Amino acid sequence: MADSAMEVLTRALSGHGINEKAMIETLGKWDQEEKRLFRKSSSQFFSEDERCCFERWEEHGMRLLKHEFMRFKNAVVLWTTHPWERDARLVKEALSKGHHGQNLNILIEVACTRTSDELLGARKAYHSLFDLSIEEDVAAHMNGPQRKLLVALMSAYRYEGPKYKEETAKSEAKEVAHAIKEAATQKSSLIEHDDVVRILSTRSKHHLHALYKHYNEISAGRSIVEDLRGDLSLQEAVLCLVNPVKYFTQILNVALRVEADKKIKKALTRIVVTRADKDMKEIKVEFKNEYGVSLGERIESVCNGSYKDFLLTLLARSD
């Protein structure tokens, strides 16, 4: 009994939501002895209490179970929240959890993939919800060169129209190329370069696309993203600004790995919810081209239960 039950529970607890039906069908039939045998054979969830002689839940096992049941709830809450409030709360949570990894991703995503009006709306919601500005909170929680970049990106209100000056974009492509070479020679961070931060935080996305194209031409086919490998924050900011579809596709692929930790897995919910009515159709095409399997098939194979069903429903909106 214990071996087959363990297999059911292992499949149910894949790390991407709970397979509620499998758990109910299995656990609901057990008697006291079957439950005892399960606890005895499940060292990843239970340990022996030597003093009182019973099998006790491990704290991490309880947290895992609670966290997996929460995935569906969190997805529904994010989906039903006003986009301004959603982004404000995402930023607040990211700042409270520290300036590294996924938390930086969230800050860069909100600052670089939203329209000017959407980002302004998030800033307004932040004022109302937390009685301070996003900019001052970012400045208070961040330190070093990343503070300058993120405050500038969060403060942006970019021109959204199609017009830009080709010669200016070309000139600034040369300026960025020179700054990258200089930073490599001096072994310094490019984030400290004022003009690079100014260009990324003030120029329209049409202008930045032109700059990106000119950079490729003057660097023998290498992209800015490739040349910024040593500056991860800048690299992700540039990718979010000029090719958000590629950025989101890469993050989704990492989040759907079985071995991904829980912080990385949270990106799956965030991206499916925030892009469902934006560019999900393009993301699905890019994902299939890049990884040879559809995004829906990956979610189907990795995720479980109501959480999986809800994500697939959101994906279907762009069909």
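These questions and answers walk through helix packing, cavities and pockets in a predicted model.

Q: How are α10 and α12 oriented to each other: roughly parallel, roughly perpendicular or oblique?
A: Helix α10 covers residues 166–186 and helix α12 covers residues 205–218. They pack at an angle of about 55 degrees, with axes 8 Å apart. That angle makes α10 and α12 oblique.

Q: Is the crossing of α10 and α12 left-handed or right-handed?
A: The two helices pack with their axes 8 Å apart. The handedness of their crossing is right-handed.

Q: Which class, nonpolar, polar or charged, has nine residues in the contact of α10 with α12?
A: From α10, the contact includes A169, A173, V176, A177 and I180, along with E166 and K170. From α12, residues including A210, L211, Y215 and I218 take part, as do H207 and H214. By class there are three polar residues and five charged ones, while the class with nine is nonpolar.

Q: How are α5 and α8 oriented: roughly parallel or oblique?
A: Helix α5 spans residues 83–96, and helix α8 spans residues 134–141. Their axes come within 10 Å and cross at roughly 15 degrees. Angles under 35 degrees count as roughly parallel. So α5 and α8 are roughly parallel.

Q: Which residues of α8 meet α5?
A: The crossing of these two helices is left-handed. On the α5 side, the contact uses V91, K92 and L95. The contact as a whole divides into four nonpolar, one polar and two charged residues. On the α8 side, the residues are I134, D137, V138 and H141.

Q: How are α14 and α15 oriented to each other: roughly perpendicular or oblique?
A: The axes of α14 and helix α15 (residues 244–255) come within 5 Å and cross at roughly 120 degrees. Angles of 65 to 115 degrees would count as roughly perpendicular. The pair is therefore oblique.

Q: How many nonpolar residues are in the contact of α14 with α15?
A: E236, L239, C240, L241 and V242 of α14 meet P244, K246, Y247 and Q250 of α15. One residue of this contact is polar and two are charged. The nonpolar residues number six.

Q: What is the volume of the largest cavity?
A: The structure holds two cavities of 30 Å³ or more. The second largest has about 40 Å³ of space. For the largest cavity, the volume is about 90 Å³.

Q: Which helix gives the largest share of the lining of the largest cavity?
A: The lining includes V176, L190, L208, L211, Y212 and V238. By class it has eleven nonpolar residues, with no polar and no charged ones. At least two lining residues come from each of α11, α12 and α14. The largest share, three residues, comes from α12.

Q: How many charged residues line the second largest cavity?
A: Its lining is made by A111, R114, T115, S116, L119, A156, R158, E160 and K205. By class, three of these are nonpolar and two are polar. The charged residues number four.

Q: Which helix gives the most to the lining of the largest pocket?
A: The largest pocket holds about 740 Å³ of space. It is lined by 24 residues, of which N74, L90, E93, K97 and K266 lie nearest its centre. α4, α5, α6 and α16 each supply at least two of the lining residues. The top contributor, with eight residues, is α4.

Q: Which class has twelve residues in the lining of the largest pocket: nonpolar, polar or charged?
A: Six lining residues are nonpolar, and another six are polar. The class with twelve is charged.

Q: Which helix gives the most to the lining of the second largest pocket?
A: About 310 Å³ of space lies in this pocket. Its lining has 19 residues, with T113, R114, T115, E160 and K205 nearest the centre. α6, α12 and α14 each supply at least two of them. The helix that gives the most, with three residues, is α12.

Q: How many charged residues line the second largest pocket?
A: The lining divides into three classes, with five nonpolar residues and six polar ones. The charged residues number eight.

Conventions
Residues numbered from 1 in each chain as written. Predicted model: local features only at pLDDT ≥ 70, side-chain atom pairs only at ≥ 80, totals over all residues. Heavy atoms only, no water. Axes fitted to C-alpha atoms, helices over the stretch in contact; angles between N-to-C directions. Helix = DSSP H or I, 4+ residues; strand = E, 2+ residues; numbered from the N terminus. Parallel < 35°, antiparallel > 145°, perpendicular 65-115°, else oblique. Left-handed = near helix turned anticlockwise from the far one by under 90°. Contact = heavy atoms within 4.5 Å. Nonpolar A, V, L, I, M, F, W, Y, C, P; charged D, E, K, R; others polar. 1 Å grid on protein atoms, 1.4 Å probe; cavity = no way out; pocket = protein on both sides within 12 Å on 5 of 7 lines; lining within 4 Å. Points joined across faces, edges and corners; volume = space filled by probe spheres on them.
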